[in-house]
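Here is a quick tour of a protein model for someone who likes to know the cut-offs behind the words. Have a look at the structure first, then read on.

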Amino acid sequence: MSDYVSADLYHTYMNSIWEETTDGIVIVDLQRIVLDVNPAFEQMYGWTKEELVGRKLPVGPAHLYKEFARLYDQVIEGKKVAAAEYPKLCKNGKHLHVSITLSAVRDSSGKITGIVAIERDITKRKQTEKALRETEQLYSHLTQNVLAGVFVRQDRKMVYINSYMSAMLGYTREEFVRLKTADYIDAIELFTIKRQVAEILIKKREPRYTVTVRGKKKEGGFVYLEVNLSLIVYKGRTAMLGSAKDVTSSVALERSLRESAEMYQRVMKLLPEPIVLSDHGIIIYANNSAIKLVEADDKNEVIGHSVFEYIHPDDHEDMLRRMDLIMFEEEPSQFEERQVICRDGQTIDVEMSSIRINNYMGKRVILTVIRDLTDRKRSEDMLVRSEKLSVIGQLAAGVAHEIRNPLTALKGFTQLLKTKNEGYGSYLDIMSNELDRINLIVNEFMTLAKPHFTRFNDENVVHILRGVISVLETQAIMTNVGIETQVEDSLMMIHADANQLKQVFINVIKNAIEAMPDGGRVTIAICTNASDSVCLTIRDEGIGMTDSIIGKIGQPFITTKEKGTGLGLMISSRIIEAHHGTLHIASRHGEGTEVRITLPLAKPKFAELN
């Protein structure tokens, strides 16, 4: 009973396998006639059991019949056939890839009476393998023929490199894979790259990292490589995939362009003419001369500000119109006069020319060249003034002589009438005073007309100045004015006519004293400067002058004094010019006046060598 039960269970078990397995099973006799097939075999090939039993298997492609016969003969000979892979033909004409295992069927005496074939459908696996092979062939072709270096590093060594990569550094592929990284990349750069790769790719998990490195070539010299690095999985483990291209020429070009740009920036920065770049009216660059022109301490006081902060309001409308035109013109604009307002509020005359720059840091901007007209206008004013002096001198030579003779007679008769007509004394006093004023003007005319500067000697300007101060101190004390002197050196030698300089100093200091009728302080400073000249500054605390008056000071009969003639400063200017110096007056209404006189130092005399 036990044996019967065991056999029954065994039969049930085998039947379950036959019915439920996904592998196709077919049993054939020694002539390969089908004896039986399971349901999975029917499903795989499309034939039913009734169509197959009693006939030879029709599932093999014709060109493989002999191969299948050989496999069956091997089993009959007692050999094993396991997992042999072949294509098979289905009823509908399609092909399957199957893995075939063949086993012998024996009777109770051990004699082989048939063969069992277990077939597994591996079509999808074969398709996947084929796709992988094709992909691998494609990538292999690409990496070997692409015009870029490709490499894979894993476990600190090269596991793949294409021929282009090795050729860029002058090696064969076989030579390259044996190299250490330090053999073809500078050690310092290599340390930096490793640190950055660890930080960016590994820690931050960025998908890619790009770096430019300098590679060392086999035969010597360098090549610049732009390398893209990324993490991949290669054969189940993390690896580094890299692609590199030779950028030596572009690096050299970039360096050349950078050096050219730096050179142009240095040139622009150090140009003596002020240069400004503006973007929609906002200053984005100003060279040293432009910063100095507006009396700024550094570029931060200029850059980022509107150009109109430094342009006089009277010029705003015309300036805006000109800027709009420049953006549509190719040629630079003509130089036009403008008034620039400095950081300290002072206004200076300039002329400007602008041109459009099409690409400055990716923007279309306006470049403006500025010329300071201060010295030129001063020279023009001095020329006009000199011409006026010359005309007045010529006029004075004739007029003064013609006036002085009748003036002497009028003066004498006035004094005589005063002794004879006591009732008209007040009128005669007025007449006498006015005649004295006329005589003063005539004397100043004569000063302009007569020859000057015939006694030039080496003089100590400090000594001349102190002599003048001692003369004027009494007048200063009487009007409650203090005179303060600041002398850098007690010995400053100039080549001059001492008497004429005394006249200049007296005129200027006396004007400063008289500008403060209610008292104040006159500060006199004298020093040498880098241009080998003496600078004398006389500053008062008077009410100063308006811009309209300061522009005319030095012209005949232009004066702020009630009884002045304006000839004193005119004569002083002429004297200073003859000494090859300059006289400049600066004044602000309500803040006082400053007169700056510069005179060249005397050249040192050396004993002649015998």
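What follows goes from the whole chain to one helix, the cavities, a few backbone angles and the cysteines.

Keep in mind that this is a predicted model, where local features need pLDDT of at least 70, side-chain atom pairs count only at pLDDT 80 or more, and totals for chains, interfaces and linings use all residues. Residues are numbered from 1 along each chain as its sequence is written, and side-chain values use heavy atoms, with hydrogens and water left out.

**The whole chain**

The protein chain has 18 helices and 22 strands; these are DSSP runs numbered from the N terminus, H or I with at least four residues for helices and E with at least two for strands. Of its 610 residues, 35% are buried. Here buried means under 20% relative accessible area, exposed means over 50%, and partly exposed is in between, using a 1.4 Å probe and protein chains only. The accessible surface of the chain is about 37,700 Å², with 54% of that belonging to carbon and sulfur atoms; areas come from the Shrake-Rupley method with a 1.4 Å probe, and for residues only the protein chains shown count as cover. If you take the contacts (heavy atoms within 4.5 Å) with a separation of 6 or more, 52% of them join residues 24 or more positions apart.

**Helix α4**

Helix α4 covers residues 65-76, and its 12 residues reach 17 Å from first C-alpha to last, close to the expected 16 Å. That expectation is 1.5 Å times one less than the number of residues. Which residues of α4 are buried? They are F68, A69, L71, Y72, Q74 and V75. Their cover includes the strands β1 (24-29), β3 (81-89), β4 (95-106) and β5 (112-121). After the helix comes G78, with a positive phi near 95 degrees.

**Cavities**

A cavity here is a set of points on a 1 Å grid over the protein atoms alone where a 1.4 Å probe fits but cannot get out, and lining residues have an atom within 4 Å of a point. Points are joined across faces, edges and corners, and a volume is the space filled by probe spheres set on them. There are two cavities of 30 Å³ or more, and the largest has a volume of about 330 Å³. It is lined by 26 residues, and I311, M319, M352, T368 and I370 are the closest to its centre. Helix α12 (316-326) is among the elements that supply at least two residues of that lining, and α12 gives the most, with four.

E336 is in strand β13. Beyond its neighbours within four places in sequence, E336 contacts D318, R322, V350, E351 and M352. The C-alpha atoms of E336 and E351 are 5.0 Å apart, although 15 residues separate the two along the chain.

**Accessibility of selected residues**

| Residue | Relative accessible area | Class |
|---|---|---|
| R32 | 26% | partly exposed |
| R156 | 81% | exposed |
| E336 | 23% | partly exposed |
| C342 | 5% | buried |
| C535 | 10% | buried |

R32 has a positive phi near 65 degrees without being a glycine, and is found in the loop between β1 and β2 (34-37). For R156, phi is also positive, near 65 degrees, and that residue is in the loop between β6 (149-154) and β7 (157-161).

**Cysteines**

How many disulfides does a search of the whole structure find? Zero, where a disulfide is a pair of cysteine sulfur atoms within 2.5 Å. The sulfur of C535 is 5.1 Å from the closest cysteine sulfur, that of C527, so the two are too far apart for a bond.

Notes: On a 1 Å grid over the protein atoms alone, a cavity is a set of points where a 1.4 Å probe fits but cannot get out, and a pocket is an open set with protein on both sides within 12 Å along at least five of seven lines; lining residues have an atom within 4 Å of a point.
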